[in-house]
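Please open the structure in your viewer and keep the sequence panel beside it, since each stop on this tour begins with a selection.

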Amino acid sequence: MARPVKHHKDITYVYLQMVIYGILDVREIDQTFVSYIWIYMSWMNEHIRWYPSDFCGLESIVVPTEVLWKPDLIIEEMTEKDKVPPSPYLTISRDGRIELRNDLMLVSTCRMQVYKFPIDIQSCNLSFKSAVYHDTEMEFQFADSKIAEWTRKVTQYEWMFINMTVKKKTVDNLFYHQSMIVYTIKMRRRSILYTGNFLLPILFFFFLDVASFLISESSGEKLSFKVTVLLAVTVMQLILNEILPSSDRIPLIAVYCFGMFGLMMLSLLETILVMYLMEKDSASQDNEAAKDQSLSEDFNDGEMKKWTPCACVCDVSADEPPSELLSVAKEGTSSQLTEESNVLEKVSDELREVEKTLILLLSSRKPGYWTRVAKTINKVFFISYVTVAVLFLTVIFSIWIHADDR
C-alpha cells in the first residue's frame, strides 16, 4: 500500500500520456469543457521482478487494481466526478513496470475567450498532479509523440481540434512543491451554424429596415413595420444574452447587435419625425381652408347689410303729397346718413379684418412646406443611414477577422 521503493528517499517517476478522444461540449455560459480522454500511466515497482524462464516464459500478468499501489492522480480543473467506471485491472511486466489505462469523461473548468464569438479559438488546460506527494517523492514525466495527428481525425461535433501541447512544471502547493503536467487543448469552433442562425438574420432584418423607406409615410404601416423589425432584433439580443458569459471585453457580436439595434432605432425615430411634419402640414392646410370659408361667409353678410338701407330709402309711394314727401325725404335723408355711417364703420372693420388676413396669409408658409421639408429630411437621412451602416459593418467585420483571440 506504500510507495513501491526500496528506500524512502528514492523518487518514483510516473510516465503519463493523455489522448483526447472526443470534445463532447463546450458550455460558454458555465465556462466548462466536457471531453472524453484516455489516460495511460506507467511506473516502476522496485519490489516486483522475475525471470520469464522461471515461469514458463511469462512476460506480464494482469491483476486487480486494488492489490497494488497506484499514483494518486488528480486533475486540477475537474469540477464533476467521473461518470465512467475506472479500469479494474493493472498490467505488471517482468521488470516491475506497472501499466494502467483508464478512460475519463471529464467536466473541467475553462476560461472562455468570447471576444470573437462565434469565430473563436479556445484553449483549455488539463493539469495532472499528485494529491499528497511532493516533487521529492513522485515526479511526472511525459513523451512528446504525434498523438495530435491521430486525435485530429476523430469527429469533434461542433468543435474542430487544432492541436495539443504538453509541458512539465513544478508548482508551489502551500508548504511543498509538486510536479505537474499541463496539457493545453486548442480547438476552433465551427461557426457556420451561428452564422446562419444569428449573424445573417440580423443582417436580413437590417435590409428589411432599409427597404421600409419605400413604404409611404402617409399610412401607418411603415411605423408598425419598423417597430416589428426592431422587436425581432431585441429577441436575438435576448438569445445572445443567454449564450455568452460575463467577460472583461465586450464581445464583437454584442457590439454588432447593439450597433444594428441603434441604427434601426434611429431609423424609427426619423420615421416618427417625418410623419409628425407631414401631419403638421396637413393640419395647417385644414386650418387655412376653414379660415377661407369663414372669410367668404363674413364678406357675403357684409354685402347684404350694405345694400339694405338703399332699398329702404327708394321704397316710397308716389301718391303722397309733397309736404309729406318732403318730411319723409328729410326723415329718410337723416336715417340714410345714419345707416351710411354705420355701413362705413362696418366696411372699415371688414377692411381691417381683410388686412389682418392678408398679413397672416403673406407671413405664413406656402402650402405643402412641411411635406417638402419631411421629404428632404427623409432623403438626406436615407443616404446617411446607408453610408454609416456600410462603414460600421466594414469596420466590425474587419476587426472580427484580424483581432487576436486573447
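Begin by selecting strand β7 together with strand β10, which covers residues 176–189: the two run antiparallel and are joined by nine bridges. Bear in mind throughout that this is a predicted model. To find one rung of the pairing, pick Cys-124, whose bridge partner in β10 is Ile-185.

Now add strand β4, residues 73–75, which is also antiparallel to β7 and is connected to it by three bridges. Here the residue to pick is Ile-75, which stands opposite Phe-128 of β7. Is β7 itself mostly covered or mostly open? Colour residues 121–130 by accessibility and the strand proves to be mostly covered, with eight of its 10 residues buried. As you follow the side chains along the strand, it may help to recall that in a regular strand they alternate between the two faces of the sheet.

Keep Phe-128 selected, because the next stop is the largest nonpolar core, where Phe-128 is, with Met-18, Phe-33 and Tyr-256, among the residues that touch the most other members, out of 71 in the core. Helix α4, residues 252–314, supplies the largest share of this core, namely nine residues. In soluble globular proteins, nonpolar side chains tend to be buried together.

From there, centre the view on Tyr-256 and show its surroundings. Leaving aside residues up to four places away in sequence, Tyr-256 touches Leu-199, Ile-202 and Leu-203, and also Phe-392, Leu-393, Ile-396, Phe-397 and Trp-400.

The last stops concern the backbone. Most residues other than glycine have a negative phi, and most peptide bonds are trans, which gives the background for three places to inspect.

- Select Phe-117 and Pro-118: the peptide bond from Phe-117 to Pro-118 is cis, with omega near 0°, and Pro-118 lies in the loop between β6 (97–109) and β7.
- Move to Gln-31, in the loop that separates β1 (12–27) from β2 (32–44); its phi is positive, near 55°, although the residue is not glycine.
- Finish at Cys-56, located in the loop between β2 and β3 (60–64), where phi is again positive for a residue other than glycine, with a value near 60°.

Why does Gln-31 count as partly exposed, and not as buried? Gln-31 has a relative accessibility of 23%, whereas buried requires under 20% and exposed over 50%, so it falls in between. Cys-56, by contrast, has a relative accessible area of 81%, and it is therefore exposed by the over 50% cut-off.

Conventions:
Residues are numbered from 1 along each chain as its sequence is written. This is a predicted model: local features need pLDDT of at least 70, side-chain atom pairs count only at pLDDT 80 or more; totals for chains, interfaces and linings use all residues. Side-chain values use heavy atoms; hydrogens and water are left out. Buried means under 20% relative accessible area, exposed over 50%, partly exposed in between (1.4 Å probe, protein chains only). Helices (H or I, at least four residues) and strands (E, at least two) are DSSP runs, numbered from the N terminus. Two strands pair if DSSP finds at least two bridges between them. A nonpolar core is a set of buried Ala, Val, Leu, Ile, Met, Phe, Trp, Tyr and Cys residues joined through side-chain atoms within 4.5 Å. Contact means heavy atoms within 4.5 Å.
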